[in-house]
Amino acid sequence: MKTQVAIIGGGPSGLLLSQLLHRRGIESVVLERKTRDYVLGRIRAGVLEQGLVKLMEEAGCADRLHAEGILHDGTLISYGDEMFRVDFTEHAGTPVVVYGQTEVTRDLYDAREKAGGQIEFNVEDVMIHGADTNAPFITYKVDGQERRLNCDFIAGCDGFHGVSRQTIPLDVRREYEKIYPFGWLGILSETPPVNHELIYANSPRGFALCSMRNENLSRYYIQCALTDKPEDWTDAAFWEELKRRIPADQAANLVTGPSIEKSIAPLRSFVTEPMRWGRLFLCGDAAHIVPPTGAKGLNTAASDVHYLYNGLTEFYADGSTDGIDSYSQKALARVWKAERFSWWFSSLMHRYPDQSEFDLKMQVADLEFLRSNKAAQKAMAENYVGLPY
Ligand code: RFL
Ligand code: PHB
């Protein structure tokens, strides 16, 4: 089999890239290790920057997003019983959109199917060959049968645990990592959200986040120990703990109900450099991870896709390699800023096991500065809605 761009990974990065390339007349094949239902069953991101919304429009996939996405003009931040708001539209001129990653992925799968796009599911033993030559190819297995895909370029969109990053030789690859000493326990419940805006809560018992998918579907998270398992937490224990971490007046309004999903995610900051090796380009979680506090993971994946698809479009239009040659540098420049914001916001909001009294005072001073200072709110808002690309 032969294609122009072989895409490893059928998550949001791989699907968005494939659909955008299709709209520019460039063909691709997506290789996904799991099934469509498995990918759609993963509950992840909920907040989209306008940059990603624009890419979904360019991809011809934004109708449902515009109809069902909820515009958020600001967010609430609490510490103890104190709560304040940062206004995105006032300070950064644009809102964000609350629309689940599951829905983004579903819209992209539907569009790829409608366009007759090639997606192979349940692929195993994916291996990249000749990425540093002009004739790269991929071998993989489906139902135990070996297959080969020849291509011009390979996009490694296979997430943090994929094969693409590992293919880049160790003497070329440099990795930077910070592991946080806690995780997030998240639940999804068919209940109305406690507030019409998100609440990021710093409390002496640890961080909590009140988010949502729609007016009758809420997503809540609490900081938990890395050793905790989802089954250690009954729904009743989760709700009790959440109520203790958000301001009392909000807790009084919280509608509880059975969880329909419960999972724990560890928190990590991670960047690999460079994001290109020969004809292999890394995109999204394959190249970098942020802690979810700033809602930057999916959005950073989207900016990678933007740079890569424009670079590839230029190449196929007139043979210019300028866009693909500057891909890694441009993508990383934005990635590091998202890393900084996510690290800062995580540090501001969580309880750390080794935090001293001094560290706690610094957190409160930082929160009070943000509460009272317009310049600090502007910096936060600009980062939260997404830096330009
Ligand atoms: P994905 O989504 O991990 O998709 C990679 C795909 O590659 C497949 N794969 C392979 N396929 C073939 N061969 C192999 N060897 C393969 N190995 C892996 C996998 O099955 C999978 O389908 O990466 P992608 O596409 O780069 O997308 C990244 C996003 O998923 C991620 O950054 C976000 O979910 C992060 N994130 C958030 N991002 C935001 O922008 N806003 C948010 O509000 C937000 N909240 C979150 C989040 C992530 C969370 N978790 C669980 C980590 C909240 C949470 C709790
Ligand atoms: C979510 O709704 O899942 C969500 C929202 C904001 C974040 C992280 C996750 O910062």
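Okay, let's start with two helices: α1 (12-23) and α10 (297-318) each put at least two residues into the shell around ligand 1. Of the two, keep your eye on α10, which gives the most to that shell, with three residues. Before I go on, a reminder that this is a predicted model.

So, who sits around ligand 1? There are 33 residues in that shell, and the closest are Ser13, Glu32, Arg42, Gln101 and Asp285. If you sort the shell by class, you get 15 nonpolar, ten polar and eight charged residues.

Let me go through some of the polar contacts. Glutamate 32 has a polar side-chain atom lying 2.7 Å from an oxygen atom of ligand 1. Aspartate 285 also comes in with its side chain, where an N or O atom is 2.7 Å from an oxygen atom of ligand 1. With glycine 46 we're looking at the backbone: a polar atom there is 3.1 Å from an oxygen atom of the ligand. And how much of ligand 1 does the protein cover? On its own, ligand 1 has 1000 Å² of accessible area, and the protein covers 89% of that.

Right, on to ligand 2. Here 14 residues make up the surroundings, and the closest are Tyr200, Ser211, Arg213, Tyr221 and Pro292. By class, that shell splits into eight nonpolar, three polar and three charged residues.

Two of those closest residues, Ser211 and Tyr221, come back when we look at contacts. Serine 211 has a side-chain N or O atom 2.6 Å from an oxygen atom of ligand 2. For tyrosine 221, a side-chain N or O atom is likewise 2.6 Å from an oxygen atom of the ligand. Then there's arginine 44, where a polar backbone atom is 3.3 Å from an oxygen atom of ligand 2. As for cover, ligand 2 has 280 Å² of accessible area on its own, and the protein covers 97% of it.

Which elements give two or more residues to this shell? Those are strands β15 (208-214) and β16 (217-224), and β15 has the largest share, with three residues.

One last thing: where does ligand 2 lie relative to the domains? Domain 1 is 5-70 + 96-177 + 269-345, and domain 2 is 180-267 + 351-385. Both of them give residues to the shell around ligand 2, so the ligand lies between them.

That's my tour of the two ligands. Happy to rotate the model if anyone wants another view.

Notes
Residues numbered from 1 in each chain as written. Chains lettered and ligands numbered in written order. Predicted model: local features only at pLDDT ≥ 70, side-chain atom pairs only at ≥ 80, totals over all residues. Heavy atoms only, no water. Near = heavy atom within 4 Å. Polar contact = N/O pair within 3.5 Å; in protein donor to acceptor, adjacent residues only side chain to side chain. Areas by Shrake-Rupley, 256 points an atom, 1.4 Å probe, with all protein chains shown as cover. Helix = DSSP H or I, 4+ residues; strand = E, 2+ residues; numbered from the N terminus. Nonpolar A, V, L, I, M, F, W, Y, C, P; charged D, E, K, R; others polar. Domains from an automatic or database assignment.
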